Amino acid sequence: MRFLSFIEPILARLAGFIMVLLVLSLMIFLLARVVPGDPARMALGPSATQEQVAELRLEMGLDEPILTQYVAYMGRALQGDLGRSITSGRPVLSDIADFLPATLELVLVTVFLMVIIAIPLGVLTARHRDRWIDNSGRLFSLIGVTIPSFLFAIGLQLLAANFFPDWPILGRVDYRLSPPDGPTGLLLIDSIVHGRADVFLDALQHLAFPALALAMSGIGQVTRITRSAMIENQRKDHVLTLRSFGVPDRVIVFRYLLKLSSVAPLTIMGLEFASLIGNAFVVEMVFGWGGFASYGLTAILQKDLNALMAVVLISGLFFIVANLVIDVVLSVIDPRQRRRAAA
Amino acid sequence: MSAKNLPQTAAEADIETGLPLDSDAPPLSAGYMTWFRFSRNPAALVGAFIVASVILVALFAPLIATHPDHVGAVVDFRNRHMPPSADNWMGTDKAGRDIFSRTVFGFRVSLLLVIGVLGISVPVGSALGMAAGYFGGWTERLIAGFTNVMLAMPPLVMALAIGNVLEPNLTNAMIAITLLWWTWHARLIYRVTRSIVSEDYIEAARLAGASHLHILWREILPNCISVISVKTTLDAAFVILFGATLSFLGFGVKPPTPDLGSMVADGRQFVPEMWWEVLAPGFAIFYATLGFNLLGDGLRDMFDVET
């Protein structure tokens with residue numbers, strides 16, 4: 001029974017998210033179909049004959065009504081067939097399988113950086129409110145929020161070029177090291193599985209700057225939210241009670257306040273995920289990171305409709321999965337969240 | 001705070017609170033009180049100064065720029081990639097154009113984008129948010145449902161997709177951002193409206209026979225103004241940042257019109273040797289977003305609202 005009460009609200013949110021994904025895919029589908037220019041003509045190039053184009057249009061189902069096309073597309077998508085990319089000529093799904101791990105690795109390390117930098121910084125600034133630590137922490141988070149990630153990325157590259165000439169600023173891993181094959185495609189994990197310390201360290205070096213550039217805006221936001229949540233919760237009655245009982249300050253902060261104050265920043269991090277994915281497009285471009293976002297950018301520029309659809313759907317899925325994970329974490333650390341979600 | 005017990009001149013006000021020293025003093029304007037609180041917040045003042053300077057620079061760009069003609073399709077190959085000098089304060093770019101002058105004009109594009117996006121999305125979003133909060137029922141469900149869908153969409157991916165369906169230029173970038181932006185205002189104003197819709201004075205207006213339009217316009221909207229102005233100021237920063245990112249990726253104005261994001265993208269190819277090519281436009285983006293952020297935070301403290 002206890003387990004059910006825990007899982008039910010999450011299922012309810014999952015259903016909501018699936019609705020969101022459906023509407024989203026319909027929107028993008030409609031949008032992609034009003035693109036000026038014939039996708040079949042784009043795929044075949046200017047030298048193709050009229051008959052070849054007509055044949056491909058028939059094959060792609062472009063002459064059917066849009067809604068029929070959408071239903072057919074979704075039917076195939078559910079069976080794992082996302083169509084063929086016109087730029088790479090391969091099934092979109094295998095393209096994605098190649099490109100996604102690089103982005104997944106980048107995003108996971110970014111989120112890790114966000115959590116280990118922003119939350120302690122938020123706690124620290126709140127505890128030293130209006131002192132120099134607080135002021136410099138607030139300045140730091142303001143800078144994180146105001147500087148676009150492409151400037152951070154370029155700035156970090158400049159820094160490396162001038163002061164650490166040996167630090168890698170392009171790509172995922174040194175081309176001279178042959179990275180181990182599989183099983184996950186995440187270099188950090190694969191290199192551990194295969195016992196390749198050299199690849200692990202090299203991949204970590206390559207990851208540091210892109211992940212930092214990508215994390216900065218989130219760090220700024222999360223630090224701010226953590227700080228204000230800590231300050232607000234310090235004034236709550238039960239905290240005052242603990243304090244009047246003579247519970248040591250450290251225990252209050254780490255046992256009670258931190259847990260209570262991580263609800264707001266975690267929620268914000270879920271929402272931040274949408275812009276995180278967007279900024280990954282920029283950061284991957286600057287650092288030559290051959291990932292999913294680079295793939296998406298090419299798809300958009302080339303009007304590669306199947307690839308574009310897949311990129312949008314998977315970006316949405318990314319957001320949804322991240323938010324579900326956060327919902328689960330929240331309902332573990334804050335029982336009130338379960339009732340809230342159920343309502 | 002009622003206007004009755006406020007001091008009329010600064011000399012009569014308590015220096016800490018702005019409250020009157022003499023309780024019989026004649027009333028002081030609410031505008032003065034607001035200014036009083038605002039003027040005691042140094043970060044907000046810096047923000048206001050930066051925003052004012054950005055607007056002035058954009059307005060008087062032809063007078064400030066040292067090489068106003070370099071905004072167009074000028075090519076001066078003898079002077080390409082020159083480091084900062086007395087003649088070219090911020091150096092020259094790959095076509096030998098003065099980067100300082102182009103950055104000054106670049107503010108115009110950023111501000112146009114802000115005006116275009118917020119000029120549409122703020123009224124539309126606020127109106128829909130108020131309607132959802134006031135009418136409830138299906139209106140509420142529809143608008144709330146739609147905003148939730150938009151929230152799951154990475155805005156940059158969406159804007160790129162829209163921007164590419166249409167031709168990439170400033171107007172279409174504006175349209176793409178606007179289509180995404182109104183939802184945030186709708187959500188916020190919806191929350192504010194929900195929190196005040198059952199207040200007594202709204203009930204009183206309804207009993208007095210006021211129309212829906214009157215209640216929305218005269219009773220609810222004035223309560224939302226402070227939230228809207230804070231959110232709009234903070235949003236201006238995000239729109240500049242977002243627009244710069246879009247044009248950095250190649251979805252901005254058409255060359256040769258200077259635009260901060262595409263100037264950084266152009267200069268990036270020559271980094272690290274020719275660092276000055278990204279310095280001025282990059283700093284300009286930071287300067288403008290910092291200003292609007294500080295001003296927005298200051299306004300939030302002043303009105304004491306949550307956004």
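This is a short tour of chain A in a predicted model, stop by stop.

**Stop 1: the annotated spans.** Start by colouring residues 12-32, 106-127, 139-160, 207-226 and 307-330 of chain A. The unreviewed UniProt entry annotates these residues as "transmembrane region".

**Stop 2: two of those spans up close.** Select residues 106-127 of chain A and show them as cartoon: you'll see 100% helix and 0% strand. Put a distance label on the end C-alpha atoms of this span, and it should read 32 Å. Now hop over to residues 207-226 of chain A, where the picture is again 100% helix and 0% strand. Here the end C-alpha atoms lie 26 Å apart.

**Stop 3: F29(A).** Next, go to helix α1, residues 2-33 of chain A, and pick out F29(A). Is this side chain buried or exposed? F29(A) has 1% relative accessibility, so it counts as buried, the cut-off being under 20%. To see what is packed around it, show I66(A), Q69(A), Y70(A), Y73(A) and M309(A) as sticks; F29(A) touches each of them, leaving aside residues up to four places away in sequence. For a sense of scale, draw a line from the C-alpha atom of F29(A) to that of G195(A): the two are 166 residues apart along the chain and separated by 44 Å.

**Stop 4: Q157(A).** Finish in helix α7, residues 149-163 of chain A, where you'll find Q157(A). Its relative accessibility is 9%, so Q157(A) counts as buried too. Which residues does Q157(A) touch, not counting those up to four places away in sequence? Select I169(A), L170(A), V286(A) and F287(A), and you have the contacts on screen.

Conventions: Residues are numbered from 1 along each chain as its sequence is written. Chains are lettered from A and ligands numbered from 1 in the order in which they are written. This is a predicted model: local features need pLDDT of at least 70, side-chain atom pairs count only at pLDDT 80 or more; totals for chains, interfaces and linings use all residues. Side-chain values use heavy atoms; hydrogens and water are left out. UniProt positions are given in the numbering used here, feature names are shortened, and annotations may be inferred rather than shown by experiment. Helices (H or I, at least four residues) and strands (E, at least two) are DSSP runs, numbered from the N terminus. Buried means under 20% relative accessible area, exposed over 50%, partly exposed in between (1.4 Å probe, protein chains only). Contact means heavy atoms within 4.5 Å.
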